[in-house]
Amino acid sequence: MDFQGIHDRLLANGAPGLLGVDEPRQPDPEDKKDKGRFGDAFVLVDPAHLAGFLQVCRDDEALNFEILADLTATDPAVDDENLWVNVALLSVKHRHRLAIKSLLPKAAPSLPSTTPVYRASQWHERECAEMFGITFEGHPDPRNILLPDDWLGHPLRKDYEFPKEYHGISCE
Amino acid sequence: MSDRPTAAQLLEARVQDAKVVGSGEKEFSFDVRTQDMEINFGPQHPATHGVMRVLMRTDGELVTGAQPHLGYLHRCAEKIGENVEWLQYLPYTDRYDYLAAMNNNLGYSMAVEAVMGIEIPRRAEMLRVICVELNRIGSHLIAFGTYGLDIGAFTPFFYAFREREWMMALFEKICGARLTYSYIRIGGVFNDAPPGWLEEVALFCDTFEQKWPEYYALLMENQIFVKRTANVGIIPEAMAYDFGLTGPMLRGSGVDFDLRRDMPYSIYGEIAKDKAFDVPVARGEKGTLGDCWDRTWVRMVEMMESVKIVRWCLAHIEEGPVLGELPKTLRVPPGEAYVGIENPRGELGHYVVSGGDKVGVRVRVRGPSFVNLAVLEELLPGSLVGDAIAIIGSTDIVVGETDR
């Protein structure tokens with residue numbers, strides 16, 4: 001199924017938290033500052049309902065996304081109010097993909113864990129938590145995964161300050 | 001079927017034998033009383049294929065709990081991606097899965113190209129696929145060689161390295177490097193193949209085809225190897241989906257899915273249309289479907305399929321440019337894309353976000369080893385300590401990629 005078909009199916013199913021779509025577009029020739037938007041189309045989903053949304057994607061027969069390929073986050077800019085949570089789904093049966101984006105306010109970066117839907121997201125969420133400071137409520141094992149347990153700060157945030165030393169080891 | 005009881009059966013027998021003593025605790029009717037023991041496996045251990053640590057809780061010979069600890073090789077690849085220019089990031093991609101650096105180059109280049117929306121010259125696509133498939137052969141050679149080494153079969157390792165050496169010499173001729181190539185780059189490939197190189201690749205294919213039955217006989221049909229791997233570490237299809245397994249791990253559980261054939265990228269669509277290669281899917285030949293033997297079998301047979309793909313490319317390659325014309329300082333238009341390709345270990349995904357500048361906003365790497373490793377938490381409990389090595393080895397991880 002193509003992106004439009006998937007989106008129609010999600011609308012027909014009343015998938016929880018579906019806010020809209022973002023599709024690539026060519027730059028507006030009249031507006032010189034507009035550079036357009038390229039790449040993939042994705043659906044926008046309310047982070048509070050992300051787990052329920054994924055469940056619909058997984059269980060619906062026409063969508064049948066068996067595999068959560070990726071779950072990650074993005075900090076678009078220092079002065080941006082939101083973090084993005086990006087999910088990539090893959091269907092083996094129907095051979096299609098879906099990209100999902102949730103905007104998460106930096107003031108309260110917290111959303112329910114999607115681990116009950118896909119076990120695959122368990123490690124991805126641990127990585128997001130340590131790298132971006134996102135809290136996944138109800139995560140079964142919320143430890144650091146790549147960073148040491150006593151690491152300060154969230155390295156993939158754009159306003160992250162590089163440490164000057166770590167346990168007496170100079171980093172400069 | 002093997003006549004040896006499975007770990008689950010042993011555990012069940014244990015529970016059956018136990019009798020409840022006065023305090024309500026269960027006591028096992030064994031002559032030696034056992035107690036839970038925590039074993040620290042790694043980070044410096046030859047069977048972890050790098051620096052990975054697994055904390056195992058054991059009850060005698062049975063593993064009752066396992067917790068992988070990663071991060072010993074974390075080099076902040078994603079943070080570096082936000083701080084260097086698009087082209088400068090390319091050498092860093094070599095360093096996550098260092099056994100399949102060509103594939104990493106391809107995955108990253110294709111993700112950036114997806115945002116830029118550029119076409120690649122046809123000869124470059126051919127050279128890309130030849131290099132990627134040769135690298136897949138090299139990677140699987142290591143996979144089965146070191147897997148044999150892990151569980152006590154020393155000889156196949158030397159056979160595997162003999163052919164891999166030739167493969168690396170081929171890469172050295174085309175790009176000057178033996179392990180970290182940076183050969184496939186945004187817009188095409190770095191340079192054209194030197195004179196005689198394609199002929200040597202054809203010779204390599206012929207030789208490899210003759211040698212391959214040796215490996216198969218040495219390892220896959222070896223009764224000791226079969227006893228160690230068949231019916232061990234079984235991943236059912238549902239579990240493979242739940243954990244997001246891809247590549248040989250998924251096909252080892254009997255799922256007929258290969259991104260190269262089913263969601264083709266580059267010129268794989270044409271190759272699949274010609275039915276030039278098959279996708280090996282495990283059938284549970286020596287034991288239960290989804291066991292360690294099946295996963296190794298998939299990797300073993302895939303090498304021959306890669307040879308077929310290389311042959312197809314050699315037959316269809318034409319003269320032409322190998323690198324599109326790109327400005328020296330690359331500015332990628334604003335946008336974002338997720339591109340997943342079939343790496344030797346599974347789906348290598350790159351999610352790139354550009355703000356229209358010469359430096360990226362986000363370069364996310366979805367390493368297949370990282371995802372495939374997560375299954376250990378589920379797979380190890382209930383197995384024997386000796387089988388734990390066989391199970392870890394069969395996931396074929398590269399720690400450079402789990403930690404990035």
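**Exercise 1. Describe how helices α5(B) and α7(B) pack against each other in this predicted model.**

Solution. Begin with the handedness: the crossing of α5(B) and α7(B) is left-handed. Next, take the geometry of the axes, where helix α5 (residues 122-150) of chain B and helix α7 (residues 197-220) of chain B come within 13 Å and cross at roughly 20°. Since angles under 35 degrees count as roughly parallel, α5(B) and α7(B) are therefore roughly parallel to each other. Then look for the residues that make the contact, which are B:I130, B:I137, B:F144 and B:G148 on the side of α5(B), and B:V201, B:F208, B:Y215 and B:L219 on the side of α7(B). Finally, sort these residues by class, which gives seven nonpolar residues, one polar residue and no charged residues in the contact of α5(B) with α7(B).

**Exercise 2. Work out how α5(B) is oriented relative to helix α13 (residues 292-316) of chain B, and which classes of residue meet there.**

Solution. Start again from the axes, which for α5(B) and α13(B) come within 9 Å and cross at roughly 160°. An angle over 145 degrees counts as roughly antiparallel, and α5(B) and α13(B) are therefore roughly antiparallel to each other. The handedness comes next, and the crossing of α5(B) and α13(B) is left-handed. Now find the residues in the structure: those of α5(B) include B:M126, B:V129, B:I130 and B:E133, while those of α13(B) that they meet include B:T296, B:R299, B:M300 and B:E302. By class, the contact of α5(B) with α13(B) holds 13 nonpolar, four polar and four charged residues.

**Exercise 3. Describe the contact between chain A and chain B, from the residue counts to a pair of strands.**

Solution. First count the residues on each side, where chain B supplies 37 residues and chain A supplies 30 residues. Second, ask which elements of chain B give two or more residues to the side that touches chain A; among them are α2 (77-81), α4 (101-116), β8 (335-343) and β9 (346-354). Of the contributing elements, β8(B) gives the most, with five residues. Third, divide the residues of this side of chain B by class, and they fall into 19 nonpolar, eight polar and ten charged. Last, follow β8(B) across to the other chain, where strand β2 (residues 38-39) of chain A pairs with β8(B) in the parallel sense over two bridges. Within this pairing, A:F38 stands opposite B:G335 of β8(B).

How values were computed. Residues numbered from 1 in each chain as written. Chains lettered and ligands numbered in written order. Predicted model: local features only at pLDDT ≥ 70, side-chain atom pairs only at ≥ 80, totals over all residues. Contact = placed C-beta atoms within 7 Å. Helix = DSSP H or I, 4+ residues; strand = E, 2+ residues; numbered from the N terminus. Nonpolar A, V, L, I, M, F, W, Y, C, P; charged D, E, K, R; others polar. Pairing = 2+ DSSP bridges. Axes fitted to C-alpha atoms, helices over the stretch in contact; angles between N-to-C directions. Parallel < 35°, antiparallel > 145°, perpendicular 65-115°, else oblique. Left-handed = near helix turned anticlockwise from the far one by under 90°.
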